[in-house]
Amino acid sequence: MINIKPAVLNISANDPMGLAGVHADLRAMSAMNVHGANVITATTAQTQHQFYDLNAVSLHAFKSQLDALYKQDIFVVVKLGLLANSQQANVLLNHPILKNKKLIVDPVLAASSGSIEQLNDRINGLKNLMPMMDMITPNYDEVLALVGIAIENPESLIKAAQSFIKLGVGSVLIKGGHGSHPSEDYFYSASQAFYVSSAVHDKEFTRGTGCMLASLIASSLVLGSSLPDSVVMAKMQLNAGFKHRFKLDESSGSLQPPTWQDPLSISEGENLITELPQVYGQALEKNLIFEPCLKPLGLYPVVNRAHWLASLLPLGVKIIQLRIKDLEGEALKKEIQQAVKIAKQYAAQLFINDYWELAIECQAYGVHLGQEDIDTADLLAISKAGLRLGLSSHCFFEVARAKTINPSYIAFGPVYETKSKEMPWIPQGPQGLKYWRLHLPDFPMVAIGGIFGEKFQQVKNTGVDAIAMISAITEHEHPMLATQQYMNAFELTQ
C-alpha cells in the first residue's frame, strides 16, 4: 500500500551552500514526514560567513511557478520565507493559490551571514501581506524592523506582539535565542498568549534554524494540529535537531531534526528522542510548588455529590473528585464542606473540581482544574494554602504547560470517546497514554475518558497511576459493586 503524504507549499529562496532557505525548509518538513512543494523567490549568493547578493527571480518566473501548482492545488498550508521584493508580495496578494490557506511566515529580513538588500521595499511587501498571515515568526531584530519596537522588557514584548495583531496578523511567535537574547519565544493572538522556553544551545553549526522553526510549525499544522500544539511540536523537533547537527567543514553546518515520533505509532520499547519545552502564561508558573499525591492512587471516582463519598470511601477508595455543575452559593459550599468532612474521616485524597477558592476555604485536600481555568485561578494562593493540584491535559500544548506548573498529578484524556462532556480532541487510546507516560515518568498520571469494562485493563497496562471514572460508576446499576470490581482489577496488576 502506498501511503498518502501531506504537502506544504513552501515559498522560499535558494541558499547555494544548502544550509538555510529552501534546503532547511525541506529538512524540517521531511523530518515531519511532510512533502514540501517549492516556489523559489530568489537565488542568493552567500556562504556560511558572508552574504553577497540577492537575485530575485523574474515576476514571470515567480508567478508561473504559482500558476503551475494552482493547477494541482493540494495544499492547505503555505510557508513563506524570504520575499525578494514587494512585487512578489503583490502577486501573492492576488493569486488564488493563497485563498483559504493557512499562511505561516518567517520574515527573513537579514541572513546570519550578513544583511540582505532592498530592506524597505521588502518590509512594505510583508506588511501588505499581514492580513493574510495566520502566523508570523520574527526575531527581535525583525520585530524592530517591522513594527518599530525594540524589545527590552516584558512590556515592550507584549506591545510588539499586539502591534502585529493590529496590522492584521492572526498570531505572532516572537523568537528569542537570537544574538544574546534568552531562548524564550512568545506566542500571542487575540485569544491566547504564552511563553515557550528551551535550554540554551551553542550556536555552532546552526544555520537555518529560523527557516526550520516556521517549516516545522507549518508541517505540524498540515498534520492536523492546532497552532499552539504546532508551536510546541516544532520546538520539540528543533531542540532535538540541536542534538543531531552536521558540519561541512570546521565552521559550516546546520541541524538535522530527527524523524517525528507520532504518539499513535511509537513502537513498544522505543525511547523518546524529543523533550517537552517549558510552556507558561506567566513566569510564576515555572516556580510553583505542589506536594505530590500519596501513592498508590488506583481507582479515581469522579462524583457530583458528597453522599457518594459516604458510599465509596468505606470500600477503600484512596482518591476521589467532587465535580459539581448544578449548584451555587451556600448550597455549593455546604456540599463541599460535607465532602471534605467525609474525606478526612477516611483519610482520602479529595480533589474539588474548579472551585479553588471554596476548596481553600473548606480546607480540602486538593483542587482539580481544567486548562481553561489556569489563567483565572490563583495558582500561587492554592500552593501557599498547601493544597494539591491536579491538571487536565489533552494535547501537546496542554501537557507541556501542565508539566511546567509541576502539579500533584496530570490527567490525560479523553482516552476513549466520552459522554460526560463534548470535547474537540481525538481520543488517543492506550497508545497515546503510553507516549505521554514516557514524557511524564516522574509525575502521577491519571487517565480519563470513556474507560469501562475491558478497556479498564488496557488502560491500566499503560502504567498510569490512576484511572478516573464517572458514568461507569455513578450510572452503574450497582455502583458499589462496580467500584469494588474496578479496584480489584487495578490492584491485581500492581
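The legends below describe an overall view and several close-up views of a predicted model.

**Figure 1. Overall view of the protein chain, with its 17 helices and 22 strands.**
The C-alpha trace spans about 80 × 55 × 45 Å along its principal axes. The radius of gyration of the protein chain is 26 Å, which agrees with the value near 23 Å that a compact globule of 494 residues would have. Of the contacts in the protein chain with a separation of 6 or more, 65% are between residues 24 or more positions apart.

**Figure 2. Surface and interior of the protein chain.**
Of the 494 residues, 55% are buried. The area that the protein chain exposes is about 21400 Å². Carbon and sulfur atoms supply 51% of that area. Among the side chains, 39 are positive and 46 are negative. The centres of these two sets of charges lie 1 Å apart.

**Figure 3. Close-up of the cis peptide bond between Lys 295 and Pro 296.**
The omega angle of this bond is near -5°. Pro 296 sits in the loop that runs between two strands, β14 and β15. Strand β14 covers residues 278-280, and β15 covers residues 298-303.

**Figure 4. Close-up of the cis peptide bond that joins Gly 413 and Pro 414.**
Here omega is about 0°. The loop that holds Pro 414 lies between β20, made of residues 409-412, and α14, made of residues 429-439. This loop therefore has a strand at one end and a helix at the other, because the names β20 and α14 stand for a strand and a helix.

**Figure 5. Close-up of Asn 33, a residue with positive phi that is not a glycine.**
The phi angle of Asn 33 is about 60°. Asn 33 belongs to the loop between α1 (21-31) and β2 (35-46). Its relative accessibility is 47%, so Asn 33 counts as partly exposed. The class applies because 47% falls between the limits of 20% for buried and 50% for exposed.

**Figure 6. Close-up of Asn 406, which has a positive phi although it is not a glycine.**
For Asn 406, phi is about 65°. The loop around Asn 406 lies between helix α13, residues 396-405, and strand β20. Strand β20 also borders the loop of Pro 414 shown in Figure 4. With a relative accessible area of 34%, Asn 406 is partly exposed.

Definitions and conventions: Residues are numbered from 1 along each chain as its sequence is written. This is a predicted model: local features need pLDDT of at least 70, side-chain atom pairs count only at pLDDT 80 or more; totals for chains, interfaces and linings use all residues. Side-chain values use heavy atoms; hydrogens and water are left out. The radius of gyration is taken over C-alpha atoms; the globule rule is 2.2 Å times the number of residues to the power 0.38. Buried means under 20% relative accessible area, exposed over 50%, partly exposed in between (1.4 Å probe, protein chains only). Contact means heavy atoms within 4.5 Å. Accessible areas come from the Shrake-Rupley method with a 1.4 Å probe; for residues, only the protein chains shown count as cover. Lys and Arg count as positive and Asp and Glu as negative; His and the chain ends are not counted. The place of a charge is taken as NZ of Lys, CZ of Arg, CG of Asp or CD of Glu.
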